[in-house]
Every structure is written in C-alpha cells, then in structure tokens.
Amino acid sequence: MGKFQTVLFHETIFGPIHSRRLGTSLGVNLSPVDGKVCSFDCLYCEAGFNAQGPGRAGLPSREDVAALLEKKLQGMLEEGAALDVITFSGNGEPTMHPEFAGIVDDTLALRDRYFPEARVSVLTNSTRLDNPGVADALRKVDNNILKLDSAIEETVALLDRPVQSSFGVGKVTDELCMFAGTGIIQTMMLRGEYEGRVVDNTTDAEVSALIEAYKRIRPREIMLYSIDRATPAEQLVKVPAEELRAIGARIEAETGIHVQVN
C-alpha cells in the first residue's frame, strides 16, 4: 500500500476529488492544515496517529472557511466544473470545531447559491452527538455519515481508541437512534494485529453484534468499506471485495436496510 504519511490535507478547502462513496467531492477540512485534532485515534486513520500533534496553524475560523469555500465555488462555477458533494472530512473530527454548527449553515447557504444540486455531507466519528448544536447541524445536511466500526466495546477500544473514557458503544448506539431513517452508518471492516493483539471486526460475533445495533438505530443506509491506503498501524489487512459483499448481503438480508459496499 505504500509508505505511510501523516496529515492528508494541507488546505482548508481541498479538491475536488473523486470519492468512492460520494462522487465528485469538494472537501472541507476543519482541522489544522499542519496537524491532527481528533476524538478517536484509529489504527487505520489515513491522516496518521494523534501523536503527531495539532501543529501550529490552529483551527480555521468560521469566516475563513466561508471565504475560502465561496472563492472555490465561484471558480468552479466559472469553469463549468461539476460538483456532486461538499464533504466535511480532513485531518480529524470536524464536529470538534467550536463553530461547526455555524460553518454548516454557511456551507448550506453557499451551496444553495452556487451549486444547488450538490449535496452536503459530513463524515463524523459519532463522538459529539451529545452536543445539541452538533446534533442539530447534522440533521440539516443531506448526508449525515456516522461511524460505527463495532458494537463490541473491546473492539472499539482497540480499533478506534476513543480519546475520552466516557465514550461507550451503548451510549453512542442510543445517540445514533436520533437519526433513524435519515442518518447513514459507515463501518470500516478490517483485520490484522496491533502490538501483538488481534484486530478483526469481520467475525460472525462482530457482524451479529453490528446487525443488532443497526436494527436498533434504523439508519437510512449502511456503508461498508475497507482500507484502501497505507495505515499507521502497519499490520492491518484489507478485507477482500467478495467477502465484504457477502457481509453486506447478510446485513441487508437481516436488517432490511440498504447496504452500500465499497
């Protein structure tokens, strides 16, 4: 998969890039452009481990995000470029930005002005759903894409490595239920080992636990995917496409919820 590098995005507005799951996507990075700020420290994070630090640039201001986004959208419109989606992603967890809700409002207004057919998506690790402002903002976007990598506490602790000890599978599952019928649950499937411990959320027990959680949450869609680039934990293995499709078919059959496999 190639040598691993830290910090994926050195700009606040990046792209457009082609997303496997979302199409032609313009990215919004609410983390520093020279460091990482996240409430998880996932073994597979393409932006690297949190140990690299937050850098020196700091978080972009709400005003700067809006100005940079408008400039980019104006340019794309003048060029006749296509745009499917504006995606909050980047070098960490976007909902940790203290002005996240306001930035979402600004982004929706700019989308309506320049590319009204485009969707606005947020990729979130689901750690800030107990914040009312964050939850309200997530209700406004077109694609509220919420992480749930495992429904087993020990696996989440090993795979996602939550920064806050208060994070728990039961708590986050309860919170995810508020987006029944509208939210999209995204699950990273992988296996391997880290520091001598086996990591595998594709086992029958893991998939069965996820199915029970999905049934309770009732999202509008489930996205299953596996690693596609180098990861900071080097002994992780991508789940073969055929196996991933089989897991997706089982989940869809047992939940009645559409599963997108990438």
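**Sheet architecture and aromatic contacts**

Strand E3 (residues 85-89) and strand E4 (residues 119-124) run parallel and are joined by 4 bridges. The structure is a predicted model. Within the E3 to E4 pairing, Ile86 has Val120 of E4 as its bridge partner. Both strands belong to an open sheet of 8 strands with mixed pairing.

**The sheet**

- The strand order of the open sheet is E1-E2-E3-E4-E5-E6-E9-E11.
- Strand E1 (13-19) and strand E11 (259-261) are the edge strands, each of which pairs on one side only.
- On average, neighbouring strands of the sheet are turned by 25 degrees against each other, with direction ignored.

**A helix on the sheet**

- Helix H6 (residues 204-217) packs on the sheet, where it touches strand E6 (184-188) and strand E9 (221-225).
- The direction of helix H6 makes about 165 degrees with that of strand E6.

**Aromatic pairs**

- The model contains 4 aromatic pairs, one of which is formed by Phe88 and Phe100.
- The rings of Phe88 and Phe100 meet edge-to-face, at 6.0 Å centre to centre and with 75 degrees between the planes.
- Because Phe88 lies in strand E3 and Phe100 in helix H2 (residues 100-114), this pair ties together parts that are 12 residues apart in sequence.
- Phe88 and Phe100 are both buried.

**A charge over a ring**

- Arg161 places its charged end over the ring of Phe49, at 4.6 Å from the ring centre.

Terms used:
Residues are numbered from 1 along each chain as its sequence is written. This is a predicted model: local features need pLDDT of at least 70, side-chain atom pairs count only at pLDDT 80 or more; totals for chains, interfaces and linings use all residues. Side-chain values use heavy atoms; hydrogens and water are left out. Two strands pair if DSSP finds at least two bridges between them. Helices (H or I, at least four residues) and strands (E, at least two) are DSSP runs, numbered from the N terminus. Axes are lines fitted to C-alpha atoms, for helices over the stretch in contact, and angles run from 0 to 180 degrees between N-to-C directions. Contact means heavy atoms within 4.5 Å. Rings of Phe, Tyr and Trp (its six-membered ring) pair if their centres lie within 6.5 Å; planes under 30 degrees apart count as stacked, over 60 as edge-to-face and the rest as tilted. Buried means under 20% relative accessible area, exposed over 50%, partly exposed in between (1.4 Å probe, protein chains only). A charge sits over a ring if NZ of Lys or CZ of Arg is within 6 Å of the ring centre and within 35 degrees of the ring normal.
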